[in-house]
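These are my notebook entries from a session with one structure. I put a few questions to it in turn and wrote down what I looked up.

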Amino acid sequence: MAADFKTAQPVEYYRRFLKEDVRPDGRELGEIRHTTLNIGSITTAEGSALVKLGNTTVICGIKAELCNPTAEEPKKGFVVPNVDLPPLCSPRFRPGPPSEQAQVVSQLMADIIENSGVVALEDLCIVEGKLCWVLYCDMMCLDYDGNVVDACVISLLAALKNVLLPEVTVSEETGSPETDMEKKLPLNIRKCPVATTFGVFDDHYLFTDPTNEEECLATGVLTVVTTEDNKICLMHKPGGTALSESRLQDCINRALTRAEEVRKLIDQTINSVER
């Protein structure tokens, strides 16, 4: 009977739960699903990480290539993020060109990288005006159950912290680059951005870490990205329900708390692998 009611009237079904300050999956409104992290699982990549946020699963692989810097910015390398939401991860995505959501999330990742300064592009320059690194950061969703942005940001940050780049020198005789695979150096991670996403239901109830079902029923969604110095590097709210100043501040406070937990999880995972 409950399943039939949920199918016939999903909004009313949710409403009855939320009135009791609980969600159908048993979580409190501010509760985030269990998060697990693995790093270094893609041996052919310079850095990689796999994140599970509830059922939502994202893997990030980072591939580094040598290239020429632009004439406009001769001292900078490149970081190129791409998010793939294949049909394999959810029936909501179709084969063919990237979906609108995949493009939006990819642009969001690019904005987060730029605004947070997680990696200084100057650090990727090897020889000014001649040689630099380009980091291709490919994030693929393996299982979509909502809140893919938070999972992508965690996987991206963890994978960047896992990157090892070979030492590169330029031969004086030939002028060509020579890589020393025996000497590998980690990236200098300048900032650690973490995203926290909130959903609004019925223009009233505010909940954290929405599932796919909750995203479909939400009247608004807000993503807050913060760094370890408690600064907001990005807020993303694509329309929907307006939030009062007090509720916005509540979201920011929750995002700061969540960010600390995620950074601790990443550090613990990295330390456990290094031991």
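In which helix is Glu 114 found? I looked this up in what is a predicted model, and found Glu 114 in helix H3, which runs over residues 100-116. I then checked its surface: Glu 114 has 63% relative accessibility and therefore counts as exposed, since the cut-off for that class is over 50%. I also took one distance from this residue, and noted that the C-alpha atoms of Glu 114 and Thr 36 are separated by 26 Å, with the two positions 78 residues apart along the chain.

Next, the overall picture. I counted six helices and twelve strands in the secondary structure of the protein. For its 275 residues a compact globule would have a radius of gyration near 19 Å, and I noted 21 Å for the protein, which agrees. The C-alpha trace spans about 80 × 40 × 40 Å along its principal axes. I found that 45% of the 275 residues count as buried, and that, among contacts between residues at least 6 apart in sequence, 67% join residues at least 24 apart.

Then the surface and the charges. The exposed area of the protein is about 14000 Å², of which carbon and sulfur atoms supply 50%. I listed 27 positive and 42 negative side chains, and the centres of these two sets lie 4 Å apart.

Helix H2 came next. Which residues of H2 are buried? In this helix, residues 10-18, I found Tyr 13, Tyr 14 and Leu 18 buried. Looking down the axis of H2, I saw that its buried residues fall within an arc of 130°, so they line one face of the helix. I kept in mind that an α-helix has 3.6 residues a turn, so residues three or four places apart point the same way.

Is Asp 209 buried or exposed? Asp 209 counts as buried because its relative accessibility is 1%, and I located it in the loop between strand E10 (205-208) and helix H5 (212-217). Leaving out residues up to four places away in sequence, I recorded that Asp 209 touches Arg 23, Arg 27, Ile 32, Arg 33, Leu 53, Asn 147, Thr 197 and Glu 214. Its backbone also drew a note, as phi of Asp 209 is near 55°, a positive value in a residue other than glycine. For background, most residues other than glycine have a negative phi.

I made a parallel entry for Asn 230, where phi is near 60° and is again positive in a residue other than glycine. Asn 230 lies in the loop between strand E11 (220-226) and strand E12 (232-236), and with a relative accessible area of 49% Asn 230 is partly exposed.

My last entry is on Thr 179, which I placed in strand E8, residues 177-186. Thr 179 counts as partly exposed, at 42% relative accessibility. What is Thr 179 in contact with, leaving aside its neighbours within four places in sequence? I found Leu 66, Pro 166, Glu 167 and Val 168 in contact with Thr 179. I also noted Leu 165, which is 14 residues from Thr 179 in sequence and 9.4 Å from it in space, taken C-alpha to C-alpha.

Terms used. Residues are numbered from 1 along each chain as its sequence is written. This is a predicted model: local features need pLDDT of at least 70, side-chain atom pairs count only at pLDDT 80 or more; totals for chains, interfaces and linings use all residues. Side-chain values use heavy atoms; hydrogens and water are left out. Buried means under 20% relative accessible area, exposed over 50%, partly exposed in between (1.4 Å probe, protein chains only). Helices (H or I, at least four residues) and strands (E, at least two) are DSSP runs, numbered from the N terminus. The arc is that of the directions from the helix axis to the C-beta atoms. Contact means heavy atoms within 4.5 Å. The radius of gyration is taken over C-alpha atoms; the globule rule is 2.2 Å times the number of residues to the power 0.38. Accessible areas come from the Shrake-Rupley method with a 1.4 Å probe; for residues, only the protein chains shown count as cover. Lys and Arg count as positive and Asp and Glu as negative; His and the chain ends are not counted. The place of a charge is taken as NZ of Lys, CZ of Arg, CG of Asp or CD of Glu.
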